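Me: Please take a close look at one part of this model, the place where two of the chains meet. I would like one connected account rather than a list.

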There are 4 protein chains.
Amino acid sequence: MAGGRRAAAGRGPRARRRGAGAPAGAAPGGGAPASPLRVAVLGATGYTGAEISRLAHLHPALTVSAATSERSAGRRLSEAFPHLLFAGAGADPLLSPAAEVDWDSVDAAFCCLPHGTTQAQLAALPAHVRTVDLSADFRLRSLETYKEWYGAEHQAPGLQEEAVYGLTEPYREDIRGARLVANPGCYPTCSLLPLLPLLRGGLVRPGGIVVDAKSGVTGAGRAPKEGSLYCEVDGGLSAYGVGSHRHMPEIEQELARAVGADGAAAGDLAFSFTPHLIPMARGMMCTIYVELEGGASAGDLRACLEKEYGQERFVRVAGEGEGMPQTRHVRGTNFCHIGVVADRIPGRAILVSVIDNLVKGASGQAMQNLNLMFGLPEETAIGQLALFP
Amino acid sequence: MAGGRRAAAGRGPRARRRGAGAPAGAAPGGGAPASPLRVAVLGATGYTGAEISRLAHLHPALTVSAATSERSAGRRLSEAFPHLLFAGAGADPLLSPAAEVDWDSVDAAFCCLPHGTTQAQLAALPAHVRTVDLSADFRLRSLETYKEWYGAEHQAPGLQEEAVYGLTEPYREDIRGARLVANPGCYPTCSLLPLLPLLRGGLVRPGGIVVDAKSGVTGAGRAPKEGSLYCEVDGGLSAYGVGSHRHMPEIEQELARAVGADGAAAGDLAFSFTPHLIPMARGMMCTIYVELEGGASAGDLRACLEKEYGQERFVRVAGEGEGMPQTRHVRGTNFCHIGVVADRIPGRAILVSVIDNLVKGASGQAMQNLNLMFGLPEETAIGQLALFP
Amino acid sequence: MAGGRRAAAGRGPRARRRGAGAPAGAAPGGGAPASPLRVAVLGATGYTGAEISRLAHLHPALTVSAATSERSAGRRLSEAFPHLLFAGAGADPLLSPAAEVDWDSVDAAFCCLPHGTTQAQLAALPAHVRTVDLSADFRLRSLETYKEWYGAEHQAPGLQEEAVYGLTEPYREDIRGARLVANPGCYPTCSLLPLLPLLRGGLVRPGGIVVDAKSGVTGAGRAPKEGSLYCEVDGGLSAYGVGSHRHMPEIEQELARAVGADGAAAGDLAFSFTPHLIPMARGMMCTIYVELEGGASAGDLRACLEKEYGQERFVRVAGEGEGMPQTRHVRGTNFCHIGVVADRIPGRAILVSVIDNLVKGASGQAMQNLNLMFGLPEETAIGQLALFP
Amino acid sequence: MAGGRRAAAGRGPRARRRGAGAPAGAAPGGGAPASPLRVAVLGATGYTGAEISRLAHLHPALTVSAATSERSAGRRLSEAFPHLLFAGAGADPLLSPAAEVDWDSVDAAFCCLPHGTTQAQLAALPAHVRTVDLSADFRLRSLETYKEWYGAEHQAPGLQEEAVYGLTEPYREDIRGARLVANPGCYPTCSLLPLLPLLRGGLVRPGGIVVDAKSGVTGAGRAPKEGSLYCEVDGGLSAYGVGSHRHMPEIEQELARAVGADGAAAGDLAFSFTPHLIPMARGMMCTIYVELEGGASAGDLRACLEKEYGQERFVRVAGEGEGMPQTRHVRGTNFCHIGVVADRIPGRAILVSVIDNLVKGASGQAMQNLNLMFGLPEETAIGQLALFP
């Protein structure tokens, strides 16, 4: 297996467990606490919070020492999510209000709360607590853009400046040392992983990108609303937020960074984006239409992506002639699968990328980032394969 | 009820029944037989054949006098489709091989057989039989294009020349007098209805169209294949035929006709097209990305479509500020619903059109065409509302 | 078709339309108003209300003259249910509060409101208004039982006494003359249609009945609650209200009536009942386990049911050797399909009955009852076949 | 966390990894090979075969050294199941015909082939190979019963006699030493786990049991047939094999064994059983209606089950007042969840038990048994929580 993309140390389940066997405290990443890592989950009763709990159960060097919910405080986590009953009694924490967390006995936090609710709170955390924030609060570098899209002044501009954008593969080194990681949105994760290398490499025209995105219903969260009812979603399909979805400025920010890196004028950047709600609980697909630059071919695009991701555990590029990626093949996993084909129209190509919106698009990437921050093997707790069918 | 919804010419069930009350034989369309119209369904045991039977049950002036199946000959239709049991014993025909149909007692035929199997057969039908063919066999005007995409010489080039393309609304007048109607594919129906008027009106650039299409699984037919199994389709999403789907030349043919009508060079035409399989039985959506021509706005596009379809029973344009069309609102119906919004990118707009792939995308439009051909009120048997939820 | 079970006058689509052609005003049922029948839908924005609107669109002798909603008053019905947009502008009523209905211009009402909210209101309606109430309010004959299961005194005991239980087939004659019909629940409809004739005929032991019931999610209504969210329902299965569902006393009341009719002691009656929530929008199945009485065989049960329902349009008994009924074959329809097989255990049999919970289990049976009450052909507006697939 | 879930002997991921850290060869179970355990998967391209591969990926002491398929020999396993691509190149075996397996380098086999195809083949395996057979071939102790239900003479009666029925919890000790384990069917697993202790304890009447069973569609396998197509299954519900399902004699055999243990006459045993197909990929529920014996209460039943399973990792009894078990809470896991409530009818109780039919109902229990057979911690590779939602 020498030279294979997964032959490197730390890949695969066996290696993972060897890695995990080393005490977390000995990790060279700096700042790692004595084992096990004590983690607080803020907002444990939403879908991303539950997913953190599911993954934490597979993590040999992490323990959930606090789980918060304002409305369900005093109840057990398993009352909100009965599937967590099976983690065993010791793994079924009492929910507490966030204000009652004893931060002295917490090393790290996953913040799984809605946008705009916790900026000041995170800014007030003790300095020793390292945080992965799954909301959109710290993703936008420009405070003006933030205000424009979220309709309010940012409450923690200082912390905002310190935050590192947590798309793991391209920004791994920045994430290692971060105190606050702004975990990317699901649509940005699914569209940026294929697009960033292509834009950096000057292979596609920044001004002619169309991203048609499809998401499972967990993306709408667990709050009861008519539009999320089974009978309103099953058996049909809808577009939403057409031309105005809040993930747009986030995607644009990162695309512009990639274009700028190549010397092109980011001002030429233009991408159309339409999200759709698909009758399935999990999964996300971006179908991406690009115009090729400078005589590039679909094969050149594939080669660029393979070079970028060939050594990565969680991003896989489909070989030529392989079938196109399907969401069900990454369900429940942290993988991103990318396919490229030539369009019938000369000078164009079509990419398809898929993730599980709750894992690589949220809690799995958050866990990946936490592993990085604490010097643990990156794939710890997130190496399992898809539940198919 | 003067002025009420059902008083308008030819609209609604009352009008339908009035119309139906008049004997079909008296219809001015020419060639109409004495009532009721005797129809043969060729290929009655596939999904489009079953849908013809479902609609025929609501038709007061049509009777299914023959239903064919090679493999199930000798069995009752309800053995293939138990829901047709409820039509009553008299409406549950014995299936026969196509060769045994007594064409003297048949006025019209719906051909619901796979592509490439019935060209010679249809060419050999007695001249008095008027046919709606739901396969792709007679849709492409160019025999070369046909051969290129279907890999075989056309077996009935003479009949091919006579066939009328059956997209009802734009080609209504041609259909009235046709002996053979080539019923459009589902993807072409869903994408052409919004695009044709815009191209004819010169409102969008022919060279910059992206059609991202999503279909329910009935589109794959009833033949048992692994890829159509419940467990392979449920809970996930896939793209297929990327860059090579056979509906492309059909769409292109009609788009070119529309562009040509405007004097522009059809050679500039370029549209990207990716179909996706959605975990739902019925429904189709096309999300269409266009570049605006000559300073047109999204509002201009909407106005153009409203002008085109304002008097139509089966095509509806969503008003400004209305929600975007959803497939579930047209499930089981012959309606096409179209929405238009401005893209965030200046100079671009996004359209969303939805149909039921088995009704307006197949058997419903076929019934609409047959009604036209025999001078019956166009909406007979296809006026019901969506089954929602 | 002579002699067929649907050959009787008024059966089948063609007959239906003939019937419908006769003006409603001429109907011999007594009390029928001049055509068209003007109907108020109280609670138009729930699923059963929407289903009334869908069916009314197919009704040639009925017009919805008022549609009420307290919370959505002032909006169009189509804002709540966009699929009703396609009924045409004249068929998209403004929603009003129930207090604003002009009862002088209303002949009949469908009450689609939740249990316990409208008893006094219905009691106060003008005497000329004939009503079908889809709630449970007037189904239980015993005021004590009502109080026990619904936790409150009945607010209109006089009207309660007058109400007729609206299971159409066994109680048709009572319904014709009723001013208030208590439309049955979905579980009672699905379990009583097979069980009543068998108990009346003394073919099954009253003390050994098990009804295992399965329902689609529309049965839970449109109110946003966590348990009805797509992501909480999809891909799984749950039992609910085990041993305590409110449809139990309703079923028990009617089973006791049937047992009593046969002279047996209703006190021996005992049926176990467990409802389950199935990941599908519509459909209901009752799997019924019975012990045979007096040497009866499964064939005797089938013969009894065929005798009872052989002339009925909406109840069908599967012949021996036919496949067992499936919910999808009655989806969107008013049909009930019943199958019987011998159990492997001697002396036992198993029945399977299916309906669409929103049609025969609610709004369709309500329409059937209204047709009866006004002397219209019973199948008007509810004769269509299932939407399959 | 002393005393917490992961401190207990052999429970939870930490223990699992500790156990896994010890070389499999040192396991005291006897016959364990040098680490890692080399396993052949016979019939790797069906759903249970794929599930074995998914779980094996999480197993630190097992390697898949051979994977067979007659029809797909020469292709990679990932061509049949693309989700296994993500296991890494080294974990994507070439498929070979069963005849080409080098048994000298194989320690154990999972046989995932259809019933009736491999009896002679398994009988001919070298003695050192220990096997878990997932088919029904070796489950029935009586050769007459086998012949009656499967229509053929058993081809390996000697091996049949040696086989141990692999319902892990009640038969754990027998399984440890077995050379051939007949892995139970999904329906038997789901119904026997709740019923065996109750019958052994004399708490329920053997003659009055009704098991209403519901299964996801993976139970029908991956072979393309019309009845398993998405469009035939979605949105509806059906009963099948009513009164004649092949899992009946298997359940009956084990119930009789339990009754016999208590001294009661097994001849009094009678259980009705109806399986249903639910529109979901995975999951199984048995709703079990019982008559209480000797004054027992629902609470007594719960106490009996809690005593039986209180120390078990994979069987959990819902506490009083807890919600009833749902299939989605065990999806993808090896857990069985059991609930008990008193029926409204005195002297009766209702139980609900749920499993994932592909895991505890097939491949997970097979892995659990293999772990037992080779002295590995029983929960290795099968300790993960449900994928919810």
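Reply: In this predicted model, 18 residues of chain C are in contact with 18 residues of chain A. Three residues stand out on the chain C side: C:Leu229, C:Tyr230 and C:Cys231 account for 42% of the area that chain C buries against chain A, and no other three residues supply more. The area buried between the two chains comes to about 1,600 Å², with 62% of that area given by carbon and sulfur atoms.

The two sides can be related by symmetry. A turn of 180° with a shift of 0.0 Å along the axis lays chain C on chain A at an RMSD of 0.0 Å. This is how a two-fold axis relates its copies. Of the interface residues of chain C, 100% are also interface residues in chain A, so the copies meet through the same surface.

Charged and polar atoms also take part. There are 4 salt bridges between chain C and chain A. One of the salt bridges pairs the side chains of C:Glu232 and A:Arg222, with an N to O distance of 2.8 Å. Counting polar contacts across this interface, with both residues at pLDDT 80 or more, gives 12 residue pairs. Among the elements of chain C, helix 9 (residues 230-233) gives the most to the side that touches chain A, with 4 residues. Sorted by class, that side of chain C has 11 nonpolar, 2 polar and 5 charged residues.

Helix 9 also appears in the surroundings of another element, this time in chains B and D. Helix 9 (230-233) of chain B is among the elements that cover the buried residues of helix 2 of chain D. From chain D itself, the cover includes strand 1 (37-42), strand 2 (62-68), helix 3 (77-80), strand 4 (108-111) and helix 12 (359-373). Helix 2 of chain D spans residues 47-56, and 9 of its 10 residues are buried. Among these buried residues are the charged D:Glu51 and D:Arg54, along with D:Tyr47, D:Ile52 and D:Leu55.

For the setting of the interface, chain A can be described as a whole. Its secondary structure consists of 12 helices and 14 strands. Chain A has 389 residues, of which 66% count as buried. Within chain A, 72% of the contacts between residues at least 6 apart in sequence join residues at least 24 apart.

How values were computed: Residues are numbered from 1 along each chain as its sequence is written. Chains are lettered from A and ligands numbered from 1 in the order in which they are written. This is a predicted model: local features need pLDDT of at least 70, side-chain atom pairs count only at pLDDT 80 or more; totals for chains, interfaces and linings use all residues. Side-chain values use heavy atoms; hydrogens and water are left out. Copies are superposed by least squares on the C-alpha atoms of residues with pLDDT of at least 70 in both. Contact means heavy atoms within 4.5 Å. Buried area is the accessible area (1.4 Å probe) that two parts lose on being put together, summed over both. A polar contact is a pair of N or O atoms within 3.5 Å; within protein, one must be able to donate a hydrogen and the other to accept it, and residues adjacent in sequence count only if both atoms are side-chain atoms. Helices (H or I, at least four residues) and strands (E, at least two) are DSSP runs, numbered from the N terminus. Buried means under 20% relative accessible area, exposed over 50%, partly exposed in between (1.4 Å probe, protein chains only).
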